[in-house]
Amino acid sequence: MFRYLIIFILTISISYGNDDIYIKTKDLKLIDLVNITSKAINKTIVLPAKFSGNINLIQNTSVNKNDLLDILTIVLEQNNYKLIKYNNILKVIKVDKSKRKKNKKIPKEYIVITKVVHLQNAKASNIQKVLSPIINKKPKKNKKQKLYISSDDESNSIILLGPIKYVNEIQKLVLELDNYRAQIYVTAKIIEISEIKTNDIGVKYGLNGGITGSNGLFTFASALGGEAIPIDTSGIGLAIPSITSGVALGASINLLNIDGALDIVSQPSLLCINNKESSIYIGQTKSLKIDSSLNTTGTITDQSFQREDIGLKLVITPRISNKNKVLLEVETTIEDVRNTTTNGQPDTSKKQIQTTAIVNTGESVIIGGLTKSSRETMQDNVAGLSNIPFIGDLFKNEKDIKDKVNLIIIITPYIIPASKDLTYIRKQLTQLKIIEDKYTKDIKKFFEDKEKTTAINKN
């Protein structure tokens, strides 16, 4: 039994007219069409051992023999056969339809889907920037396995299109990146402090605090907090490790402010997102003359002005380094217009400080080093005794001094607990302020009593 039958040129009832062929389709089988085609194109066609099938052919006109091979190919495909060519020989093979369907079936993990992921914390466009390089480097065999990502800022959503396998992987990354971002409440105090007055007050109260830089102010606060006056901080619910030293620093600022050695310029506050830059600007916009035109008589005919921002800019980026510590990146810029001019144009000044520090929540960073000179008349007196009629002037002293004023910025971060909100922080800071003010009054009274006792003993 031969596996294949070789069909040679056979005789069948057909009519020829030049290159046109008329096929009688009555009782025509598939094998008959193969015989006709083989004869018409003068080629050998090899068939499988088991070969059968019928022809569904409607013929209204004759068929050109050049089209006959195409007709045979179509009819064979309808009967699950395929015609292939080996040099000058044609071969018919059986096609396994079930196997062909199985090969074309797409694996479940590569079925293309679209998924929209709604974000709660992160910004959609930022997530897309992070994930796009990862998606582009993902290995893929063909375009059907490619993953596409897009973002919609209006709904704050990520749109993923691609195989379900890859979409699910990227969705997990999106949800991990869209985690809760802690908040940090940052308070700032911008103060101008007189070096000479602070030194005099330190001597007056018997404290060491003559240097008004950051170290000097901390020294002053440490001396103030070192007195034997208890500070009750039990009413504060914030987890501040060094709350007593913070109260002492606040009391020091209050005490210096009361005695005229310090001026609180501004007390801004910022609600910051963890690891996100926040900024505040305090100042004004001034018009500065940059050019003027004169006529032949020396009269000004035209002037040009430029508006400039003059003031202080504070840029803070807080980053929670662990449970109770905050890394602060701080940039301070101060711009001002000086009283001098160059070629008729006003001179400006710019001072900038950049620093990074790690502090506990509730602990302060003091930024100093910005100084200016001043001249004024200072009056020194003994509290209480200088107000006594007739002899009060004996306890007063006036002198003309050349002073140095330090601009100091005190920054304090407070980590907001995940279960709390901004209202909670503000209430706790209000309680802290009440304790600070009470401690200021107690410490001032303590030193005034001490000063009076010293003065009486001297007399």
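## Helices, a strand and turning points in a predicted model

Lys 129 is exposed, because its relative accessible area of 62% is over the 50% that marks an exposed residue. The model discussed here is a predicted one, and every value in this report is computed from it. Lys 129 has its place in helix α4. Its C-alpha atom is separated by 9.9 Å from that of Ile 149, a residue 20 places away along the chain.

Ser 125 lies in helix α4 as well. Is Ser 125 buried or exposed? Its relative accessibility is 16%, and since the limit for a buried residue is under 20%, Ser 125 counts as buried. When neighbours within four places in sequence are set aside, Ser 125 is in contact with Ser 151 and Asp 153.

### The packing of α4 and α5

Helix α4 covers residues 124-136, and it packs with helix α5, which covers residues 164-177. The angle between the two helices is about 145°, and their axes are 11 Å apart. The crossing of α4 and α5 is right-handed.

Which residues meet where α4 and α5 are in contact? From α4 come Ile 127, Val 130, Leu 131 and Ile 135, and from α5 come Ile 170, Leu 173, Val 174 and Leu 177. Sorted by character, the residues of this contact are eight nonpolar, no polar and no charged.

### Helix α2 and its two sides

Helix α2 runs over residues 65-78 and has 14 residues. At 1.5 Å a residue, a span of 20 Å should result, and the C-alpha atoms at the two ends of α2 are 20 Å apart, so the expectation and the model agree.

Four residues named as buried in α2 are Leu 68, Leu 72, Val 75 and Leu 76. Seen down the axis of α2, the buried residues fall within an arc of 100°, and therefore they line one face of the helix. The face turned away from this buried side carries Asn 66, Glu 77 and Gln 78, which are exposed.

### A buried glycine in strand β15

Strand β15 spans residues 300-320, and Gly 311 has its place there. With a relative accessibility of 16%, Gly 311 counts as buried. Not counting residues up to four places away in sequence, Gly 311 touches Tyr 281, Ile 282, Gly 283, Thr 333, Ile 334 and Glu 335. For one of these, Thr 333, the C-alpha atom is separated from that of Gly 311 by 8.2 Å, although the two residues are 22 residues apart along the chain.

### Asparagines with a positive phi

Most residues other than glycine have a negative phi. The table lists asparagines of this model with a positive value.

| Residue | Phi | Place |
|---|---|---|
| Asn 42 | about 60° | loop between α1 (30-41) and β4 (45-48) |
| Asn 80 | about 65° | just after α2 |
| Asn 275 | near 65° | loop between β13 (269-273) and β14 (278-294) |

How exposed are Asn 42 and Asn 275? Asn 42 has a relative accessibility of 58% and counts as exposed. For Asn 275 the relative accessibility is 41%, so Asn 275 counts as partly exposed.

Definitions and conventions
Residues numbered from 1 in each chain as written. Predicted model: local features only at pLDDT ≥ 70, side-chain atom pairs only at ≥ 80, totals over all residues. Heavy atoms only, no water. Axes fitted to C-alpha atoms, helices over the stretch in contact; angles between N-to-C directions. Left-handed = near helix turned anticlockwise from the far one by under 90°. Contact = heavy atoms within 4.5 Å. Nonpolar A, V, L, I, M, F, W, Y, C, P; charged D, E, K, R; others polar. Buried < 20%, exposed > 50% of the residue type's maximum accessible area, 1.4 Å probe, protein only. Expected span 1.5 Å × (residues − 1). Arc of directions from axis to C-beta.
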